[in-house]
Amino acid sequence: MSALTADAPEAASSTAGPKATSAPPRSVRRKNTALGLLAWVCGLLFVLPIAWMVLTSLHSESDAATNPPSLAAPLTLDGYRAFFDAGGGAGPWPALANSLMASVFSTLFVLVLALPAAYALSIRPVRKWRDVLFFFLSTKMLPIVAGLLPIYLFAKNTSFLDNIWLLVILYTSMNLPIAVWMMQSFLAEVPPALIEAAQIDGARLPTVLSRVVAPVAAPGIAATALICFIFSWNEMLFARVLTGVVAQTAPVFLTGFITSQGLFLAKVCAASLVISLPVLAAGFAAQDKLVQGLSLGAVK
């Protein structure tokens with residue numbers, strides 16, 4: 001019996017040893033390597049146009065006109081100087097300020113309106129809440145061109161043409177449906193016990209939303225805010241038709257480099273890079289919450 005019991009641990013260790021130290025199968029390693037290479041290729045494909053734009057912006061117009069741009073061509077900052085000196089005087093700063101104002105204020109208004117709506121559709125669901133969500137999403141299916149003429153006539157009759165606050169209202173209404181749709185999935189992950197505990201302590205709805213729901217759903221709110229900011233910053237159709245000089249936004253200012261005399265590639269690339277910097281900076285600053293928020297909304 002003693003021999004059997006002495007041999008038993010050795011047998012158990014011999015059987016358990018290979019399982020603990022065994023390497024993954026060769027097919028799994030090959031699959032992981034292939035997926036890693038595919039991810040690198042996709043990343044390079046996304047970065048390549050941006051690198052091309054940066055390289056073109058650092059060339060003169062004659063060198064930028066070659067296709068593709070020469071890597072050995074001398075570098076210059078003439079494109080950036082032309083962008084910041086465009087139109088003389090203030091240059092692109094008023095347009096950048098208008099875009100920043102319209103994007104920031106519309107995003108804040110969207111969050112203020114979408115948070116209670118998402119709370120009602122997720123934590124305190126109403127009847128047929130799925131139909132409500134699909135109705136919100138269906139409003140995004142209307143082409144913008146279809147509503148452009150009525151909005152233009154309304155803005156003209158109410159003296160709202162070339163007014164930045166008209167763009168704030170339009171961007172808020174455009175981004176509100178997608179914000180409610182996204183935040184509903186984020187708020188559905190908030191534990192109801194936290195809200196019930198706050199309500200037992202006497203917290204009212206504004207306090208519950210600001211001090212309980214918002215901190216827990218902060219990654220989802222950050223992801224929603226960033227997406228709404230990007231949509232507002234990149235919008236050009238309404239800004240092109242409804243603004244002139246006073247409320248001109250950065251994308252509209254960018255189109256001024258495309259004239260009847262030709263397309264100035266170096267200047268356009270320099271302007272595009274500068275106009276893209278606020279969005280890139282916002283995405284880089286909120287990248288951790290963006291990834292966490294999008295992951296949270298995707299896993300139910």
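Author: In this predicted model, a residue is called buried when its relative accessible area is under 20%, exposed when it is over 50%, and partly exposed in between. Phenylalanine 83 and phenylalanine 253 are both buried, so each of them falls under that 20% mark.

Reader: Before we get to that pair, how many aromatic pairs are there?

Author: The count comes to seven. Take phenylalanine 83 and phenylalanine 253 as an example: their ring centres are 5.8 Å apart and their planes meet at 75°.

Reader: Why is the pair of phenylalanine 83 and phenylalanine 253 called edge-to-face?

Author: There are two checks. Ring centres have to lie within 6.5 Å, and planes over 60 degrees apart count as edge-to-face. With 5.8 Å and 75°, the two phenylalanines pass both, so edge-to-face is the label.

Reader: What makes the pair a link between distant parts of the chain?

Author: Phenylalanine 83 sits in helix α4 (residues 78-84) and phenylalanine 253 in helix α13 (residues 250-255), with their positions 170 residues apart in the chain. Both also belong to one aromatic cluster, together with Phe84 and Trp93.

Reader: What puts lysine 267 over the face of phenylalanine 264?

Author: Lysine 267 lies 4.7 Å from the ring centre of phenylalanine 264. The distance cut-off is 6 Å, with a limit of 35 degrees from the ring normal as well. The 4.7 Å value meets the distance part, and lysine 267 is listed as lying over the face.

Reader: Let's move to serine 99. How do you know whether serine 99 is buried or exposed?

Author: Serine 99 has a relative accessible area of 3%. Buried means under 20%, so the verdict is easy: serine 99 is buried. Serine 99 lies in helix α5.

Reader: What does the side chain of serine 99 lie 2.7 Å from?

Author: A polar atom of that side chain is 2.7 Å from the backbone nitrogen of alanine 250. The limit for a polar contact is 3.5 Å, and 2.7 Å is the value for this atom pair.

Reader: Which residues line the largest cavity?

Author: Serine 99 turns up again here: the lining is Ser99, Ala102, Ser103, Tyr171, Ser232, Trp233, Glu235, Thr249 and Pro251. Helices α5 (93-122) and α11 (218-234) are the elements that give two or more residues to the lining, and α5 gives the most, with three.

Reader: What makes that space a cavity, and what is the volume of the largest cavity?

Author: A cavity is a space where a 1.4 Å probe fits but cannot get out. The search of the whole structure turned up one of 30 Å³ or more, and the volume is about 30 Å³. Its lining has four nonpolar, four polar and one charged residues.

Reader: And the pockets: what is the volume of the largest pocket?

Author: About 380 Å³. A pocket differs from a cavity in being an open set of points. This one has 15 lining residues, and Thr139, Leu142, Ile144, Met174 and Phe238 lie nearest its centre. Helix α8 (residues 164-187) gives the most to the lining, with five residues. By class, the lining of the largest pocket splits into nine nonpolar, four polar and two charged.

Reader: How does the lining of the second largest pocket divide by class?

Author: Into 10 nonpolar, four polar and no charged residues. The second largest pocket has a volume of about 260 Å³. It has 14 lining residues, and closest to its centre are Trp233, Asn234, Ser272, Ile275 and Ser276. The largest share of that lining, six residues, comes from α14.

Reader: Last topic, the loops. Why is serine 159 put in its accessibility class?

Author: The relative accessible area of serine 159 is 64%, so serine 159 is exposed, because exposed means over 50%. Serine 159 lies in the loop between α7 (148-157) and α8. Its phi is positive, about 60°, although serine 159 is not a glycine.

Reader: What makes aspartate 162 partly exposed?

Author: Its relative accessibility is 24%. That is not under 20% and not over 50%, so the in-between label applies. Aspartate 162 is in the loop between α7 and α8 too, and its phi is also positive, near 60°.

Reader: And what class does threonine 66 get?

Author: Threonine 66 is partly exposed, at 37%, because that value lies between the 20% and 50% cut-offs. Threonine 66 sits in the loop between α3 (61-64) and α4.

Note on methods. Residues numbered from 1 in each chain as written. Predicted model: local features only at pLDDT ≥ 70, side-chain atom pairs only at ≥ 80, totals over all residues. Heavy atoms only, no water. 1 Å grid on protein atoms, 1.4 Å probe; cavity = no way out; pocket = protein on both sides within 12 Å on 5 of 7 lines; lining within 4 Å. Points joined across faces, edges and corners; volume = space filled by probe spheres on them. Helix = DSSP H or I, 4+ residues; strand = E, 2+ residues; numbered from the N terminus. Nonpolar A, V, L, I, M, F, W, Y, C, P; charged D, E, K, R; others polar. Phe/Tyr/Trp six-rings, centres within 6.5 Å; stacked < 30°, edge-to-face > 60°. Buried < 20%, exposed > 50% of the residue type's maximum accessible area, 1.4 Å probe, protein only. Polar contact = N/O pair within 3.5 Å; in protein donor to acceptor, adjacent residues only side chain to side chain.
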